[in-house]
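Welcome, and thanks for taking a look at this protein with its ligand. Please open the sequence and the structure side by side, and we will walk through them together.

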Amino acid sequence: MRIKVINPNTTDSMTRKIGAAAQAAARPGTVAVAVNPARGPVSIESHYDEAVAAVGVLDEIRRGEAEGFDGHVIACFGDPGLLAAREIASGPVVGIAEAAMHLASFVATGFSVVTTLARTCVIAEHLAEQYGMARFCRNIRAIDLPVLDLDDPGSEASRLVAAECRRALERDRCGAIVLGCAGMADLAASLSAQLGVPVIEGVSAAVGVVETLVGLRLATSKHGDLAYPPAKLYRGDFHALAPTRLAS
Ligand code: 5HY
């Protein structure tokens, strides 16, 4: 099975980290190929970043369809472009926030999310609502560190994340932690060992969900709102994105 793991931001080092986490979580026989779009924000920390990054995600999904991938993962905790991606993909498309929240609900009656910038907490809140996970989501916390600082050893990111996780376990009545950024993929195992609770990171969670769906021969329904988009003309430099080419 081949899974395309899309990092919607355009920072190669983060794509490499995501790729390593995805392949490490994959079952024998699964190849996880991590990519990022050629165009878009270096990190995603706002609604605006998300909106623009979604176009890059759709670029990669279209390419992935032509390259014959069995499934796709959207590796940004805002799950940018998820439903639009499902419209143009034949195989399953899973977002890391969606997968992490659902898997957390299998191992605890409540989880807290620990993410980067405080301003992105509302995005995770909206997704918890949208996915029907609001009653499991006890709290969404932020370490208030920019996404790209996660890789800066001087930022003490892992210490800040661990401290926020401890606060969540002390105060939020949660039994599990969901890491709210793909850039935290490499922190889950050591945090779980330190804290003694399930710590779920979305890249591994989403790879596992895609593997399960493909294994069960479950693909995105093309009946109703996730059918291929109606063919039409797109003007200007979005011309190449016109859905006409997809339906054929
Ligand atoms: C992510 N941003 O997973 C989100 C996390 C966030 O560039 N990759 C990003 O903080 O919203």
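The expected span of a helix is 1.5 Å times one less than its number of residues. Keep that in mind for two of the helices below. The model is predicted.

## Overall layout

The domain assignment splits the protein into domain 1, made of residues 2-95 + 205-241, and domain 2, made of residues 97-202. Between the C-alpha centres of domain 1 and domain 2 there are 22 Å. Where the domains meet, 25 residues of domain 1 contact 31 residues of domain 2.

## Two helices checked by length

Helix α2 covers residues 47-66. Its 20 residues should span 28 Å at 1.5 Å a residue, and the end C-alpha atoms are 29 Å apart, so the expectation and the model agree. Many of its positions can be inspected for burial: the buried residues of α2 are Asp49, Glu50, Ala53, Ala54, Gly56, Val57, Asp59, Glu60, Ile61, Arg62 and Gly64. After α2 comes glycine 68, with a positive phi near 75°.

Helix α8 passes the length test too: 14 residues should span 20 Å at 1.5 Å a residue, and its end C-alpha atoms lie 19 Å apart, which agrees. At its N-terminal end, glutamate 201 acts as a cap, placing a side-chain oxygen 2.8 Å from the backbone nitrogen of valine 203. Gly202, Val203, Ala205, Ala206, Val207, Val210 and Glu211 are the buried residues in α8. What do the buried residues of α8 pack against? Their partners are β1 (2-6), α1 (12-25), β3, β4 (93-95), α4 (96-107) and β8 (199-201). Just after α8, arginine 217 takes a positive phi of about 55°.

## Two positive phi values outside glycine

Arginine 217 is a residue other than glycine with a positive phi, and it is found in the loop between α8 (202-215) and α9 (244-247). Is arginine 217 buried or exposed? With a relative accessible area of 76%, arginine 217 is exposed, because that value is over the 50% cut-off.

Aspartate 79 likewise has a positive phi, near 45°, without being glycine. The loop that holds aspartate 79 runs between β3 (71-74) and α3 (82-88). Aspartate 79 is buried, because its relative accessible area of 5% is under the 20% cut-off.

## Buried charged side chains

Let us now follow three residues, starting with glutamate 50. Glutamate 50 is found in helix α2 and is buried, at a relative accessible area of 15%. Beyond its sequence neighbours up to four places away, glutamate 50 touches Ile44, Gly78, Pro80 and Ile123. From glutamate 50 to arginine 141 there are 91 residues in sequence and 20 Å in space, C-alpha to C-alpha.

Arginine 141 sits in strand β6 (residues 137-142) and counts as buried at 11% relative accessibility. Which side chain makes a polar contact of 2.8 Å with that of arginine 141? The partner is aspartate 172. Leaving aside neighbours within four places in sequence, the contacts of arginine 141 include Val113, Val114, Thr115, Cys121, Glu164 and Arg167. Alanine 162 is 21 residues from arginine 141 along the chain, with 12 Å between their C-alpha atoms.

Glutamate 164, one of those contacts of arginine 141, belongs to helix α6 (residues 157-171). Glutamate 164 is buried, with a relative accessible area of 9%. Its side chain and that of arginine 167 are joined by a polar contact of 2.9 Å. Not counting residues up to four places away in sequence, glutamate 164 touches Val114, Arg141, Ala142 and Ile143.

## The ligand site

There are 13 residues around the ligand, and Asn9, Ile44, Phe77, Thr116 and Ala182 come nearest. Three of the polar distances involve backbone atoms, as the table shows.

| Protein backbone atom | Ligand atom | Distance |
|---|---|---|
| Isoleucine 44, polar atom | nitrogen | 2.7 Å |
| Phenylalanine 77, N or O | oxygen | 3.0 Å |
| Alanine 182, N or O | oxygen | 2.9 Å |

The ligand has 290 Å² of accessible area on its own, and the protein covers 96% of it. Isoleucine 44 links this site to the helix discussed earlier, as it is also touched by glutamate 50, a residue of α2.

Definitions and conventions: Residues are numbered from 1 along each chain as its sequence is written. This is a predicted model: local features need pLDDT of at least 70, side-chain atom pairs count only at pLDDT 80 or more; totals for chains, interfaces and linings use all residues. Side-chain values use heavy atoms; hydrogens and water are left out. Helices (H or I, at least four residues) and strands (E, at least two) are DSSP runs, numbered from the N terminus. Buried means under 20% relative accessible area, exposed over 50%, partly exposed in between (1.4 Å probe, protein chains only). A polar contact is a pair of N or O atoms within 3.5 Å; within protein, one must be able to donate a hydrogen and the other to accept it, and residues adjacent in sequence count only if both atoms are side-chain atoms. Contact means heavy atoms within 4.5 Å. A residue is near a molecule or strand if one of its heavy atoms lies within 4 Å of it. Accessible areas come from the Shrake-Rupley method with a 1.4 Å probe; for residues, only the protein chains shown count as cover. Domain bounds come from an automatic or database domain assignment.
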